[in-house]
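Colleague: I'd like to learn how to read a few features in a fold like this one. Can you walk me through it?

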Amino acid sequence: MPGRIAAVSIVEAIAADLRSRVFSGELGSGEALTETDVASTYEVARPTAKASIEKLVAEGLLDRGTHKTARVVDLGPESVRDIYLARAYLESEVLRRLASRRTVPAGAVQANKDIAAVKSGAPLDVVEPDMRFHTSLIDAVGNTRISKMYRSLVGEVRLCMSRVQSLHLLDTALIQAEHQRLLELIEEGRGDEAAGLLDVHLGRARERLVAAMGGEAGPEAQLPSDLVAE
């Protein structure tokens, strides 16, 4: 018996396509996205176009002031640091709590296997399972408010991840190896060590992206790993 197919509204479908275009870089930083253009491109009414744009504004992917045209967010160095530090605060405590229960989420295990299976392709080929890995850890705590808080960052986090991958700032093997070690530390009940590795894992990506965006990288950008040779 075939599985059920979820109904997707026109607004959601347009927002999903626009989101994909932002993540892929087709819609670049600072690029304008008018209701008229969206309505024309997708052959929909302007209220539908407006609702689609507003969804991405709410996700932090588009920026629009009062009575102004929406534009793809231009993530500067300090914005990147804010995003990564916000997620680090949430994820570090989550790792400690999972380790205290030695709970290794099956979703995170599968996501890391999917990362290992990625040999080449578009940046999103790695970003999607990478995002699933981290989200699975958050959700495994079983606190709806923590999950909701994390998901408020997801759009901006995915945008950062897409930039990291498109600029080839991190090797996929390194990402996968550090994820695997995080899972092992959780299973061994070593929460503080898992949180420490997470700081290295996120800090390296954060500071390399900061440098790629014209900022001055912190020392975390060159943190070594004994898990894999870069």
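Colleague: In what order do the three strands of the open sheet lie?

Modeller: A quick word first: this is a predicted model, with local features needing pLDDT of at least 70 and side-chain atom pairs pLDDT 80 or more, while totals for chains, interfaces and linings use all residues. Residues are numbered from 1 along each chain as its sequence is written, and side-chain values use heavy atoms, leaving out hydrogens and water. Generally, strands of a sheet pair through backbone hydrogen bonds, either parallel or antiparallel. Here the order is S1-S3-S2, with antiparallel pairing. Strands are DSSP runs of E, at least two residues, and helices are runs of H or I, at least four, numbered from the N terminus; two strands pair if DSSP finds at least two bridges between them.

Colleague: Which strands stand at the edges?

Modeller: S1 (32-33) and S2 (62-63) do; each has a single partner strand, so one side of each lacks a neighbour in the sheet. S2 pairs with S3 (residues 70-72) over two bridges, and Asp 63 stands opposite Arg 71 in S3.

Colleague: Is Ser 92 buried or exposed?

Modeller: Buried means under 20% relative accessible area, exposed over 50%, partly exposed in between (1.4 Å probe, protein chains only). Ser 92 has 9%, so it's buried. Ser 92 sits in helix H4 (residues 77-101). Beyond its neighbours within four places in sequence, Ser 92 contacts (heavy atoms within 4.5 Å) Ala 195, Leu 198 and Asp 199.
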